[in-house]
Amino acid sequence: MILNCGVTLEKRKLLIQLDGDPQPSVFDQVVAYDAGADVVMSYGGVTPEAIREKVHGAIFTRGPKDLHRTAIFIGGSDVALGERLLAEARKHMLPQFGLRVSVLLDANGANTTAAAAVRAAARHLDLKTTKALVLAATGPVGQRVALLLARQGAEVRLGSRQASKAAAVAEAIRAKEPQAKLEAVAADPAGDLSTALAERTLVVAAGAAGALLLPSSARRSCPTLRVAIDLNAVPPVGIEGLGIADKAVEYDGVLGYGALGVGDLKMKIHKAAIARLFDRNDLVLDAEEVYALGEGL
Ligand SMILES: NC(=O)c1ccc[n+]([C@@H]2O[C@H](COP(=O)([O-])OP(=O)(O)OC[C@H]3O[C@@H](n4cnc5c(N)ncnc54)[C@H](OP(=O)(O)O)[C@@H]3O)[C@@H](O)[C@H]2O)c1
């Protein structure tokens with residue numbers, strides 16, 4: 001738009017929020033505004049079949065030079081559905097004509113939470129030499145934590161109550177990162193965790209809300225442990241003895257982070273990712289790209 005005084009106004013920053021849940025997330029809307037979106041256009045109950053129309057609405061309206069001011073956010077509580085929505089959205093962009101918009105996937109906060117957990121670990125450890133145990137590495141957050149750690153060069157042991165589930169995740173990560181140093185182990189919180197914990201310098205507990213994964217006796221029995229990060233904010237917490245708001249609080253020589261302690265950085269990464277969407281129109285922000293945005297925050 002050009003005002004008659006000769007000043008050119010940029011088009012408003014539109015964030016198209018595509019959410020698989022029936023009601024689009026209020027949390028994601030608030031963060032979007034706080035991160036600089038001028039308008040958030042929210043859609044709930046979004047299915048892969050509905051994506052084509054949404055992408056076409058985004059890319060065929062403004063010309064290529066203004067498309068960096070339209071972007072898509074994919075949320076919702078179902079991370080697997082979010083991944084399908086992202087794949088579908090990419091299919092309907094037309095990059096050969098410059099007709100595309102940037103997209104961020106953060107269904108269930110999985111990418112921003114995993115990125116924040118790994119960034120928190122990196123404040124204290126050299127990830128290239130870190131020996132990590134990711135407990136509940138089978139959930140969407142745990143899988144991303146394991147992938148990001150592996151991409152930074154860490155040795156990653158993936159824990160699950162069923163070793164076969166951890167092995168399937170290890171295989172999926174190896175398909176994305178062939179150099180990854182991965183090992184799948186059984187890690188039942190009610191059983192003996194000494195094999196899973198042996199030689200670990202980092203443990204990240206990514207279990208479901210309210211699931212205790214690491215009793216304090218097991219944590220204390222691991223002399224190599226330096227950093228323990230718990231992502232479960234719902235009591236009982238995932239790593240017994242840690243507080244949910246802990247941020248590098250020391251317990252017996254181990255620095256502990258609770259879910260809210262990591263949440264602060266997660267929020268900064270989330271806002272940085274939304275803001276980044278409006279810098280250009282060709283970004284796809286998934287786990288690795290979101291992690292990169294956390295540098296220096
Ligand atoms: N702060 C934030 O913004 C934020 C955002 C997203 C997630 N989170 C938190 O991060 C954690 C991980 O999220 P997620 O979505 O990946 O979790 P999830 O899918 O609900 O569960 C992750 C894993 O927990 C294990 N698990 C489930 N029930 C269990 C039980 N009763 N006892 C022991 N283990 C159990 C399962 O692993 P196995 O079957 O392989 O053992 C499951 O794959 C959650 O606590 C979530 O609340 C926080």
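## Where two helices cross

Let's start with a helix pair in this predicted model. Helix α1 (residues 26-34) packs against helix α9 (residues 259-277) at an angle of about 65 degrees, and their axes are 9 Å apart. The crossing of α1 past α9 is right-handed.

On the α1 side, the contact is made by Val 31, Ala 32 and Asp 34, which meet His 270, Lys 271 and Ile 274 of α9. By character, the residues of this contact between α1 and α9 are three nonpolar, one polar and two charged.

## The seven-stranded sheet

Now for the sheet. Seven strands make up an open sheet with mixed pairing, and their order is β7-β6-β5-β8-β9-β11-β10. At the edges lie β7 (181-186) and β10 (247-251), each of which pairs on one side only. Neighbouring strands of the sheet are turned against each other by 20 degrees on average, with direction ignored.

A word on the pairing itself: strands of a sheet pair through backbone hydrogen bonds, and the arrangement can be parallel or antiparallel.

## A closer look at β8 and its neighbours

Strand β8 (residues 202-205) sits between β5 and β9 in the strand order. With strand β5 (residues 131-135), β8 runs parallel, and four bridges join the two. Here Ala 132 stands opposite Leu 202 of β8. Towards strand β9 (residues 227-230), β8 again pairs in the parallel sense, over four bridges, and Val 204 stands opposite Ile 229 of β9.

Are the residues on the two faces of β8 buried or exposed? Both faces are covered: Leu 202 and Val 204 on one side, and Val 203 and Ala 205 on the other, are all buried. Leu 202 and Val 204 thus appear twice in this picture, as buried residues of one face and as the partners of Ala 132 and Ile 229.

Moving one strand further along the order, β9 is joined to strand β11 (residues 254-257) by three bridges, and these two strands also run parallel. In this pair, Val 227 stands opposite Leu 255 of β11.

## Around the ligand

Finally, the ligand. It is surrounded by 25 residues, of which the closest are Gly 109, Thr 138, Gly 139, Ser 160 and Asn 232. Which helices each supply at least two residues of the shell? They are α4 (110-122), α5 (140-151) and α9. Helix α9 therefore has a place in two parts of this report: α9 packs against α1, and α9 contributes to the shell around the ligand.

As for character, the shell around the ligand divides into twelve nonpolar, ten polar and three charged residues.

Key. Residues are numbered from 1 along each chain as its sequence is written. This is a predicted model: local features need pLDDT of at least 70, side-chain atom pairs count only at pLDDT 80 or more; totals for chains, interfaces and linings use all residues. Axes are lines fitted to C-alpha atoms, for helices over the stretch in contact, and angles run from 0 to 180 degrees between N-to-C directions. A crossing is left-handed if the near helix is turned anticlockwise from the far one by less than a right angle, and right-handed if clockwise. Two residues are in contact if their C-beta atoms, placed from the backbone, lie within 7 Å. Ala, Val, Leu, Ile, Met, Phe, Trp, Tyr, Cys and Pro count as nonpolar, Asp, Glu, Lys and Arg as charged, and the others, Gly among them, as polar. A residue is near a molecule or strand if its C-beta atom, placed from the backbone, lies within 6 Å of it. A residue is buried if 20 or more other C-beta atoms lie within 10 Å of its own, exposed if 12 or fewer, and partly exposed in between; C-beta atoms are placed from the backbone. Two strands pair if DSSP finds at least two bridges between them.
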